[in-house]
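Me: I should like to go through this protein with you, from its overall order to its interior. Please reason briefly before each answer.

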Amino acid sequence: MPYSSRRVLSLAVLALTIAGVGGARAEVAPSSGYVAPEPKARVFPVARSKWYSVINFKDDWLAPRRRFVDGRWRQVGFHEGNDIFAEPGTPARATTKGVVEQAGWLFYSGWRVGIRADDGRYWFYAHLAEPPAVSPGQRVESGQTIGLVGNTGYGQTPGHKDEFSAHLHVGIQEPTGEWVNPYPLMKRLYENAQSR
Ligand SMILES: [Zn+2]
């Protein structure tokens, strides 16, 4: 699990940092029972804009994707991401801080945003309702609104809305180019957001 190992690593770095600071400020050194709060480095990418907002998602990693093309169903690939369903117009947010690499229209993805995180991972958000709220080259913080949840895509014409329900497609690409399943992290971020 790259996330948990990375998390352990970042906590270790944090502990070292605290230990270093503690030398100069011994009076505020945390007790042995102290648990440092996890920095809000990552944010669940769909906002809960109203208390009754419905957000729904499950592990759909590598689910077969079929489309009705030229009179018959064809498998067009496997799902390399996680779909988070929400009401159209719900703010979509950057999970991590980073630099926007792509923002605009793509045939399958509709209005989409690609963000290169500081750790080299590429975060891909698709099917936004409107042109993205960010531009290539722009630096974004985690939690920053990048657009609105929608159902655009599967069309040449920018703005084409398709038949599927509004959702945010989230994809995570490792620096090696390999796409990985976002669901475990999405589930954890969602549950953390609910418990507050
Ligand atoms: Zn998807």
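**Strands and core of a predicted model**

Me: Is β6 mostly covered or mostly uncovered, and how many of its residues are buried?
Reply: This is a predicted model, and burial here requires 20 or more other C-beta atoms within 10 Å of a residue's own. By that criterion β6 is mostly covered. Of its eight residues, the number buried is seven.

Me: Which strands pair with β6, and which residue is the bridge partner of R116?
Reply: On one side of the sequence, β5 pairs with β6 in the antiparallel sense over eight bridges, and a hairpin of three residues joins the two. Within that pairing, W105 has W111 as its bridge partner. β6 also runs antiparallel to β7, with five bridges between them. There, the partner of R116 in β7 is Y122.

Me: Which residue takes a positive phi in the hairpin of β6 and β7?
Reply: Four residues lie between these two strands. The residue with a positive phi, near 95°, is G120.

Me: What is the pattern of helices and strands along the sequence?
Reply: The protein has two helices and 11 strands. Read along the sequence, they follow the pattern α-β-β-β-β-β-β-β-β-β-β-β-α.

Me: Which element gives the largest share of the largest nonpolar core?
Reply: The largest nonpolar core has 27 residues, and V46, A92, I115, Y125, V149 and L168 have the most contacts inside it. Elements that give two or more residues to this core are β5, β6, β7, β9, β10 and α2. The largest share, five residues, comes from β7.

Me: Which residues does A92 contact beyond its neighbours within four places in sequence?
Reply: A92 is among the residues with the most contacts inside the core. Leaving aside those neighbours, its contacts are P45, V46, Y125, L128, T145, I146, G147, L148, V149 and L168.

Me: Why is β10 described as largely enclosed, and how many of its residues are buried?
Reply: β10 has seven residues, and the rest of the structure largely encloses this strand because most of them are buried. The number buried is six.

Me: Which strands pair with β10, and which residue stands opposite Q173?
Reply: β3 pairs with β10 in the antiparallel sense over four bridges, and D83 has H169 as its bridge partner. β7 and β10 also run antiparallel, joined by five bridges, with W123 opposite I172. β10 and β11 pair in the antiparallel sense over two bridges. In β11, the residue opposite Q173 is W179.

Me: Which residue has a positive phi in the turn between β10 and β11?
Reply: β10 and β11 form a hairpin with five residues between them. The residue in this turn with a positive phi, about 100°, is G177.

Me: Is P131 buried, partly exposed or exposed?
Reply: P131 is placed in the loop between β7 and β8. Its C-alpha atom is separated by 9.4 Å from that of I146, 15 residues apart along the chain. A residue is buried at 20 or more neighbouring C-beta atoms within 10 Å and exposed at 12 or fewer. Because P131 has 16 other C-beta atoms within 10 Å, it is partly exposed.

Me: Over which residues does pLDDT stay under 50?
Reply: The mean pLDDT of the protein is 84, and 78% of its residues reach 70 or more. Where pLDDT is low, the predicted coordinates should not be read in detail. One stretch has four contacts beyond four places in sequence, and pLDDT stays under 50 there: residues 11-26.

Key
Residues are numbered from 1 along each chain as its sequence is written. This is a predicted model: local features need pLDDT of at least 70, side-chain atom pairs count only at pLDDT 80 or more; totals for chains, interfaces and linings use all residues. A nonpolar core is a set of buried Ala, Val, Leu, Ile, Met, Phe, Trp, Tyr and Cys residues joined through C-beta atoms within 7 Å. Two residues are in contact if their C-beta atoms, placed from the backbone, lie within 7 Å. Two strands pair if DSSP finds at least two bridges between them. pLDDT is the predictor's confidence in each residue, from 0 to 100.
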